[in-house]
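Q: Hi! I'm new to this one and would like a friendly walk through it. Could you show it to me before we start?
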Amino acid sequence: MVRHCQTDWNAERRIQGKTDVPLGAAGRHQAEALARLLAVEPVSAVYSSPLRRAAETAEIIARPHSLPVRLVADLRELDQGELEGLSVEEMRSNYREFWAAWSRDPAGVRIPGGETMAELAERVWGAVSGIVRQHPGETVVVVTHGFALLTVVARALDLELGYIRRFRVDCGGVCRLDFGRQPPALLSFNETVHLRLPD
């Protein structure tokens, strides 16, 4: 699983959620580095959230394998409702009560005008489970978003959703999961060395 590469909003620490922001120049560079990393893997399929920042990342990853990108609506990011477009500082200042509740228990709080983490986890896990069933024993790349990816890791490891606040996955970060084992195993988390290597 891959978190999409950087957008200008990521660089500005602006909340994106379902807002369809494209990759920035730095993000396209990151995606090329991802493509080089994953070019040596026996990738059978590439799936992506339909949001542009994820789909553009996936298209660059898929090129060395000559694979199409399969868009899956349920891989999209958490709907952040009224928070979309705000900087993190603006959100903390203007939604203090929400931020305090979220800091205590991100799993149990509805974002104003948006989704709960539990709703996100349910739809993303359903999408990933469907992909796993279609590709037994194969290596598949799934490009999604920060919160979406973290809910899958938590569910795979039988962790409560509240644990997501203790994990971080960077733009362009790779998490490897083995769904051929039951329960699933986390093989690596937030691989980013490829983003620091020379071209």
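A: Happy to. This is a predicted model, and a good place to begin is helix H5, residues 96–104, where Phe-98 and Trp-102 both lie.

Q: How far apart are Phe-98 and Trp-102 along the helix?
A: They are four residues apart, about one turn of the helix.

Q: And what do their rings do?
A: The ring centres of Phe-98 and Trp-102 are 5.8 Å apart with the planes at 40°, so this pair is tilted. An angle over 60 degrees would count as edge-to-face and one under 30 as stacked, so 40° falls into the tilted group.

Q: How many aromatic pairs turn up in the whole structure?
A: Four, from a search of the whole structure. Ring pairs also link Phe-98 and Trp-102 with Phe-147 into a cluster.

Q: Is Phe-98 buried or exposed, and why?
A: Phe-98 counts as buried, because its relative accessibility is 10% and the cut-off for buried is under 20%. Trp-102 counts as buried too, at 12%.

Q: Changing topic: where is Ser-87?
A: Ser-87 is in the loop between strand E3 (69–71) and helix H4 (88–94).

Q: Buried or exposed, that serine?
A: Ser-87 counts as buried, with a relative accessibility of 9%.

Q: Which residues is Ser-87 in contact with?
A: Setting aside its neighbours within four places in sequence, Ser-87 is in contact with Arg-13, Arg-14 and Ile-15.

Q: Arg-14 sounds worth a follow-up. Which residue does it form a salt bridge with?
A: Arg-14 pairs with Glu-12, and the closest N and O atoms are 3.3 Å apart. Arg-14 is partly exposed at 26% relative accessibility, and Glu-12 is partly exposed as well, at 43%.

Q: Why would two side chains pair like that?
A: Side chains of opposite charge can pair when their charged atoms come close.

Q: How many salt bridges does the whole structure have?
A: The search finds twelve. One of them joins the side chains of Arg-76 and Asp-74, at 3.5 Å from N to O. Arg-76 is partly exposed, with a relative accessible area of 31%, and Asp-74 is partly exposed with 34%.

Q: Got another salt bridge for me?
A: Sure. The side chains of Arg-176 and Glu-191 meet at 2.6 Å, N to O. This pair links distant parts of the chain, with Arg-176 in strand E5 and Glu-191 in strand E6, 15 residues apart. Arg-176 is partly exposed, at 24% relative accessible area.

Q: Which residues are joined into one network by salt bridges that share partners?
A: Glu-12, Arg-14 and Glu-90 are joined that way.

Q: Now the backbone. Which peptide bond is cis?
A: The bond from Gln-182 to Pro-183 is cis, with omega near 0°. Pro-183 is in the loop between strand E5 (174–178) and strand E6 (185–191).

Q: Which residues have a positive phi although they are not glycines?
A: Asp-158 has a phi of about 60°, and Asn-190 has one of about 55°.

Q: Where do those two sit?
A: Asp-158 is in the loop between helix H7 (146–156) and E5, while Asn-190 lies in strand E6.

Q: Last one: is each of them buried or exposed, and why?
A: Asp-158 counts as exposed because its relative accessibility is 65%, and the cut-off for exposed is over 50%. Asn-190 counts as buried, because its value is 15%.

Definitions and conventions
Residues are numbered from 1 along each chain as its sequence is written. This is a predicted model: local features need pLDDT of at least 70, side-chain atom pairs count only at pLDDT 80 or more; totals for chains, interfaces and linings use all residues. Side-chain values use heavy atoms; hydrogens and water are left out. Rings of Phe, Tyr and Trp (its six-membered ring) pair if their centres lie within 6.5 Å; planes under 30 degrees apart count as stacked, over 60 as edge-to-face and the rest as tilted. Helices (H or I, at least four residues) and strands (E, at least two) are DSSP runs, numbered from the N terminus. Buried means under 20% relative accessible area, exposed over 50%, partly exposed in between (1.4 Å probe, protein chains only). Contact means heavy atoms within 4.5 Å. A salt bridge is a side-chain nitrogen of Lys or Arg within 4 Å of a carboxyl oxygen of Asp or Glu.
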